[in-house]
Every structure is written in C-alpha cells, then in structure tokens.
Amino acid sequence: MESVYQVLRFLHVLGFVFMAIPLFNLIVVNERTLLGVPFQYHADRYMENIIRRGATRCFVFQGTVLATGVLMLLVGPLGIGTLWSNWVLLVKLLLLFTLMGLLSYVHLGLQPRIEAILATVNADTVPPADLPARLKPYRVRRKRLATLCLFLVITAIVLGLQVYGRFSVGLTVALILLAGLFAWRANQTLLRFGWI
Ligand code: HEM
C-alpha cells in the first residue's frame with residue numbers, strides 16, 4: 001500500500017504541475033500581441049488551437065489531481081473524513097472546483113463565441129475590419145480568467161504543502177501575495193527571465 005500511495009502522490013504532483021497551462025497560455029497570448037497586427041489568420045488560428053485544446057488537457061490534469069487527492073485520503077493515513085476536519089484539504093478541494101468551473105466557463109462559454117467569429121474567415125479571405133474588435137471582449141475576459149486561474153493554482157500549491165504541517169500565517173499570506181504578483185506579471189509581460 002505504501003508504494004500505491006507514493007505513486008498517487010507522484011501523479012498528484014505531476015497533475016498540478018501540468019495545470020500550469022494558464023501560465024503558458026498567457027505567454028502565448030502576450031507573444032501574439034507582440035506581433036503587432038490586429039488580425040493575422042494563421043497566427044490567430046494557431047493561438048486559438050493551442051488554447052482550445054489546452055482546455056481539454058487541463059480538464060484531464062484537474063481530474064487527475066482530484067482523483068489522486070481523494071484516493072490518497074482513502075488509502076493513506078489521513079482517511080476521507082479528514083476532508084471536513086482539515087481546512088487546508090477542504091480549501092484545496094474548493095479551489096479545484098472553482099478552477100474546474102472557471103475552465104468550463106471559458107471552454108464552453110467564451111471559446112465557442114471566439115470560434116464562431118473565426119469560422120466566418122479563412123486564410124484566403126480578407127477579414128472584415130471589425131473582426132479584431134468583435135474578438136476583443138471575449139479574449140480580454142479569457143485573459144483575465146487565465147490570470148485568476150494561475151493565481152488560484154499557485155495558492156492551492158501553497159496550501160498543498162501544508163496538509164501535514166502548517167506554515168506561519170504570515171508566511172502563507174506572503175506566499176499568496178507573491179502568487180498574485182506573479183500572476184499579474186504573467187498577465188502583463190512575457191516573463192522573459194522566468195520569474196520576472
Ligand atoms: C489545485 C488543486 C491541488 C493542488 C495544487 C494540490 C497541491 C498539493 C501539494 C503541493 C501537495 C504536497 C505534495 C508533497 O509534499 O508530497 C499536496 C498533497 C496532498 N494533497 Fe493536494 N492539491 C490539490 C488538490 C487536492 C485535493 C482536491 C485533495 C483531496 C481531496 C488533495 C489531497 C492531498 C493529500 C492527501 C496530500 C498529502 C500527500 C502527502 O504528502 O502524503 N489535494 N497537494
């Protein structure tokens with residue numbers, strides 16, 4: 001059972017590492033902005049394919065984190081009842097459900113609207129002048145939500161490290177503030193040097 005637990009723990013960690021998709025989507029979007037042209041069919045189609053398919057991948061990684069987290073409680077020393085007595089686990093669970101909800105909204109609510117607009121053009125047609133303006137509100141909202149998701153993922157990691165032993169409140173708050181700062185930087189810049 002010890003090895004099963006360690007494999008679950010490994011998959012749990014791998015799952016939330018791969019949930020970093022919002023970070024890389026923000027980088028892709030910021031790179032796209034640097035092209036400096038409001039609409040370029042191939043570039044925009046390429047970017048939207050990465051984002052659209054990234055959502056499906058992220059659902060799978062979220063499911064992995066949820067399943068391995070619950071299984072670790074079932075087969076490990078803590079027991080499933082700990083979910084109600086250990087506030088760190090409960091908050092992580094709520095954060096994960098929030099992330100799933102936000103991703104569902106982006107993938108099922110915003111993305112189809114962007115796809116519908118893009119479906120009206122192809123590589124051979126001249127795009128209508130108002131196309132970038134029609135895409136913009138959905139893209140702006142999606143980018144904001146990606147930033148929020150990145151912040152929530154890092155916050156969940158800060159809490160994840162405290163399942164067995166707590167950090168001081170000051171350190172937890174400081175790390176969550178840094179998570180917010182990093183997510184904001186990822187929204188605004190290319191993070192050319194990784195952290196900044
Ligand atoms: C976005 C969601 C989540 C993130 C980012 C996350 C992150 C983490 C991190 C960083 C650890 C420490 C890993 C280690 O030190 O080995 C951890 C451990 C753990 N997580 Fe999660 N977690 C998430 C969701 C969940 C959920 C939903 C559950 C249960 C319902 C859960 C259950 C556990 C358990 C039981 C451990 C202890 C593993 C151990 O160290 O033995 N996690 N998590």
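This passage describes the fold, the ligand site and several individual residues of a predicted protein model.

The protein is helical throughout its regular secondary structure, with seven helices and zero strands. Its order along the sequence is accordingly written α-α-α-α-α-α-α. The C-alpha trace spans about 60 × 30 × 25 Å along the principal axes. The protein has 196 residues, and buried residues account for 41% of them.

The ligand carries an iron atom, to which the protein contributes two donors, NE2 of His-12 and NZ of Lys-92. These donors lie 1.8 to 2.1 Å from the iron atom. The two residues come from distant parts of the chain and stand 80 residues apart. His-12 belongs to helix α1, which covers residues 2-18, and Lys-92 belongs to helix α5, which covers residues 87-118. The iron atom has six donor atoms, and the angles among them run from 84 to 176°. The site is octahedral. His-12 and Lys-92 are both buried.

The surroundings of the ligand comprise 20 residues, of which Tyr-5, Arg-9, His-12, Phe-16 and Lys-92 come nearest. Three side chains place polar atoms at short listed distances from ligand atoms. For Arg-9, a polar side-chain atom is found 2.6 Å from an oxygen atom of the ligand. For His-12, the separation between an N or O atom of the side chain and a nitrogen atom of the ligand is 2.9 Å. For Lys-92, the corresponding separation from a nitrogen atom of the ligand is 2.6 Å. Two or more residues of the shell are supplied by each of α1, α3 (41-75), α5 and α6 (131-160). Helix α3 provides the largest share, five residues. By residue class, the shell consists of 15 nonpolar, three polar and two charged residues. The metal donors His-12 and Lys-92 are thus also among the residues that come nearest to the ligand.The structure holds zero disulfides. Cys-58 takes part in no disulfide, and the nearest cysteine sulfur, that of Cys-149, is 7.6 Å away. A disulfide requires the two sulfur atoms to be within 2.5 Å, so this pair does not qualify. Cys-149 is likewise in no disulfide, with the sulfur of Cys-58 as its nearest cysteine sulfur. Cys-58 is buried, at a relative accessible area of 6%. Cys-149 is also buried, at a relative accessible area of 11%.

Further residues were examined individually. Pro-77 is located in the loop that runs between α3 and α4 (82-85). Its relative accessible area is 68%, and Pro-77 is therefore classed as exposed. The C-alpha atoms of Pro-77 and Tyr-5 are 9.7 Å apart in space, although the two residues are separated by 72 residues in sequence. Tyr-5 is one of the residues that come nearest to the ligand.

Leu-110 is placed in helix α5, the helix that also holds the donor Lys-92. With a relative accessible area of 0%, Leu-110 is buried. Leu-110 and Arg-139 are 29 residues apart in sequence, and the distance between their C-alpha atoms is 8.2 Å.

Gln-162 occurs in the loop between α6 and α7 (169-188). Despite this loop position, Gln-162 counts as buried, because its relative accessibility is 1% and the limit for a buried residue is under 20%. A polar atom of the Gln-162 side chain lies 3.1 Å from the backbone oxygen of Val-158.

Leu-191 lies in the segment that comes after α7. The phi angle of Leu-191 is near 50°, a positive value in a residue other than glycine. Leu-191 has a relative accessibility of 7% and so counts as buried.

Note on methods: Residues numbered from 1 in each chain as written. Predicted model: local features only at pLDDT ≥ 70, side-chain atom pairs only at ≥ 80, totals over all residues. Heavy atoms only, no water. Donors = N, O, S within 2.8 Å, 3.2 Å for Na, K, Ca; no water. Tetrahedral: all angles 85-135°; square planar, octahedral: opposite > 155°, others 65-115°. Helix = DSSP H or I, 4+ residues; strand = E, 2+ residues; numbered from the N terminus. Buried < 20%, exposed > 50% of the residue type's maximum accessible area, 1.4 Å probe, protein only. Near = heavy atom within 4 Å. Polar contact = N/O pair within 3.5 Å; in protein donor to acceptor, adjacent residues only side chain to side chain. Nonpolar A, V, L, I, M, F, W, Y, C, P; charged D, E, K, R; others polar.
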